[in-house]
Structure formats: structure tokens, C-alpha cells
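Visitor: I'd like to learn how to read a helical model on the screen. Could you take me through it feature by feature?

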Amino acid sequence: MAGLLVTALCTRRAVGNPRVSTWSIAAAFGVCTLGVFFAVPVVAQAAEEATGVANAGKLIAHICAILWCAALQITMVDLAYRSEYLRAAMFQRAFAAMVELAIMVPLFLATNEPDMEFTTAYVHNESVAAYLLIYLSYVMVTCGELAFMCGRTAQRNWGIRPWSGAGYALSSMAATLGMAYTVSKGSYIIFYVLGDPWSLDVEEVVSPSLSALAVLFLFLGLTLPMVGALRERVRQRKELADS
């Protein structure tokens with residue numbers, strides 16, 4: 001419900017202020033909401049029954065995660081870099097996301113079976129381990145770039161636009177938490193392959209917690225600049241009315 005609300009607010013903002021970053025933020029929230037929705041076990045089960053494809057919900061959630069990262073990258077490129085760099089940067093990020101999906105989706109379909117799940121509990125299957133590592137590698141790289149760009153944008157806005165500065169600082173923290181999620185899950189897989197993993201029960205608590213915190217911090221971080229802009233518009237209207 002929070003995702004639907006924020007997506008609607010971002011779309012409304014994009015209509016009133018059309019630019020690459022505003023539409024990319026709206027798209028990011030939309031695909032994130034869709035991905036979280038299909039990650040719910042009941043919804044995932046319904047997706048499997050409707051499509052006849054085992055683990056369909058997991059595949060949709062992973063595709064949404066890739067598109068979410070790409071949309072956030074394009075958002076921050078528009079905010080952090082000069083306009084002449086924007087078009088090339090957009091194509092670069094979009095191409096990287098398409099290459100990632102072109103590798104992931106066929107591997108998923110070739111490996112997928114009804115009695116299998118694409119989680120760390122099934123990394124004894126080499127194809128599942130490879131699929132998860134490819135997915136996590138992309139997320140880690142994009143989160144690293146997002147942490148850097150959000151941090152730099154927060155620094156630029158800190159003394160000028162406090163709401164935006166705080167929002168992008170939270171977004172940088174969200175990207176850092178996303179990197180921690182990939183390190184937690186990815187290192188478990190690597191150590192499992194090497195024959196010396198830690199407790200699966202611990203991994204299944206730590207990784208989802210980091211992922212959930214990353215999503216929460218990102219929702220807060222990208223919402224705060226909108227709140228700041230709204231407060232500024234209200235203040236300006238009040239000043240005009242008083243004058």
C-alpha cells in the first residue's frame with residue numbers, strides 16, 4: 001500500500017514537472033512495488049498457478065529488482081551529471097540491465113523445476129548458485145554506484161535544500177544496505193561452494209532484514225525531497241497571499 005501511494009505521488013509530480021529524474025523515480029517505485037508484491041508467498045503461489053511456471057513470482061521479483069536498480073541509476077545520473085552526459089549514461093545503464101536479464105532469464109528457465117527454489121537453501125545446485133551470484137553481482141555494482149551518487153548529491157544539497165540533503169543521505173544509506181545484502185547472501189554462496197558455509201538459518205534472517213531495511217530507507221530517502229518541494233510551494237503561496 002505504501003508503494004502504491006508513493007508511486008501515485010511520484011507520477012503526479014512527474015506529470016507536473018516532466019523530466020528524466022521525476023519519471024525514473026516514479027518508474028522505480030512502481031517496479032519496486034510490483035517486485036515486493038510478487039515476493040509475497042501467497043501472490044507467488046498464485047503467479048505459479050496462473051502461468052504454469054514454477055517460481056514465476058521469484059523470477060518476476062528478480063526482474064523488477066534489476067529494472068528498479070536501472071531506473072534509480074538513470075534518476076541519479078540526471079541529478080548528478082551534466083545534461084550532455086545524460087543520453088549516453090541512460091543507454092549505458094539500460095544496456096547493462098538488458099544484458100543482465102538476457103543472461104539471467106534463460107539460465108532461470110533452464111534450471112527451473114517445480115521442486116526447486118532460487119534461494120540460498122538450494123545452492124547445492126550449481127545452476128542455482130550461478131544464477132544467484134550473477135543476480136547479486138549486478139545488484140552490488142549498481143548499489144555501489146548509487147551509494148556514491150546519492151552521497152555526492154546529498155553533500156551538494158545539504159546546506160541549500162535540507163530536505164533533499166537528508167533524503168539523498170538516506171538513499172545513500174539504502175544503497176549501502178543493498179550492498180551489505182549482496183555481500184551477506186553472495187558470501188554465503190561462495191563459502192558454501194568452498195565447503196565452509198555458516199549457518200543457513202542466520203543467513204535467512206540477516207539477508208532479508210538488510211534487504212527490507214534498504215527498501216525502507218530508499219522509500220524514505222526519495223520521498224523526503226518531494227516533501228521539501230511541497231513545503232516550499234506552500235510557503236511561496238502563503239507569501240504571495242500575504243502580500
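Visitor: Let's start with Leu 133. Which helix is Leu 133 found in?

Guide: Leu 133 sits in helix α6. One thing to keep in mind throughout is that this is a predicted model.

Visitor: Is Leu 133 buried, partly exposed or exposed?

Guide: You judge that from the relative accessible area. For Leu 133 the value is 28%, so it counts as partly exposed. Buried would need a value under 20%.

Visitor: And what does Leu 133 touch, not counting residues up to four places away in sequence?

Guide: Its partners on those terms are Gly 186, Ile 189 and Ile 190. As for distances, the C-alpha atoms of Leu 133 and Ala 54 are separated by 20 Å, with their positions 79 residues apart along the chain.

Visitor: Let's follow one of those partners. Where is Ile 189 found, and is Ile 189 buried or exposed?

Guide: Ile 189 belongs to helix α7, residues 162–193. Its relative accessibility is 0%, so Ile 189 counts as buried. Leaving aside neighbours within four places in sequence, Ile 189 is in contact with Thr 120, Val 123, Ala 129, Leu 132, Leu 133 and Leu 136. Take Val 123: it is 66 residues from Ile 189 along the chain, yet their C-alpha atoms are separated by 6.7 Å.

Visitor: What about Ser 164?

Guide: Ser 164 is in helix α7 too. At 11% relative accessibility, Ser 164 is counted as buried. Beyond its neighbours within four places in sequence, Ser 164 contacts Asn 157 and Pro 225.

Visitor: Now for pairs of helices. How are two packed helices described?

Guide: You give the angle between their axes and the distance between the axes. Try α4 (residues 56–80) and α6 (residues 126–157): their axes come within 10 Å and cross at roughly 25°. That angle makes α4 roughly parallel to α6, and α4 passes α6 in a left-handed crossing.

Visitor: Which residues of α4 and α6 meet?

Guide: Among them are Leu 59, His 62 and Ile 66 in α4, and Tyr 131, Leu 132 and Tyr 135 in α6. By class, the contact of α4 with α6 has 16 nonpolar, 4 polar and 3 charged residues.

Visitor: How do the axes of α4 and α5 cross?

Guide: They come within 9 Å and cross at roughly 170°. So α4 is roughly antiparallel to α5. The contact includes Ile 63, Leu 67 and Ile 74 of α4, along with Tyr 85, Met 90 and Val 105 of α5. Sorted by class, the α4 and α5 contact has 17 nonpolar, 2 polar and 3 charged residues.

Visitor: How far apart are the ends of helix α5?

Guide: A helix gains 1.5 Å a residue, so the 29 residues of α5 (residues 83–111) should span 42 Å, and the end C-alpha atoms are indeed 42 Å apart. Helix α2 (residues 20–39) agrees as well: its 20 residues should span 28 Å, and its ends are 28 Å apart.

Visitor: Which residues of α5 are buried, and what covers them?

Guide: First, the general idea: an α-helix has 3.6 residues a turn, so residues three or four places apart point the same way. In α5 the buried residues include Leu 86, Ala 89, Arg 93, Ala 97 and Leu 101. Their cover includes α2, α4 and α6. For α2, the buried residues include Ile 25, Phe 29 and Phe 38, covered by helices including α1, α3, α4 and α8.

Terms used
Residues numbered from 1 in each chain as written. Predicted model: local features only at pLDDT ≥ 70, side-chain atom pairs only at ≥ 80, totals over all residues. Heavy atoms only, no water. Axes fitted to C-alpha atoms, helices over the stretch in contact; angles between N-to-C directions. Helix = DSSP H or I, 4+ residues; strand = E, 2+ residues; numbered from the N terminus. Parallel < 35°, antiparallel > 145°, perpendicular 65-115°, else oblique. Left-handed = near helix turned anticlockwise from the far one by under 90°. Contact = heavy atoms within 4.5 Å. Nonpolar A, V, L, I, M, F, W, Y, C, P; charged D, E, K, R; others polar. Expected span 1.5 Å × (residues − 1). Buried < 20%, exposed > 50% of the residue type's maximum accessible area, 1.4 Å probe, protein only.
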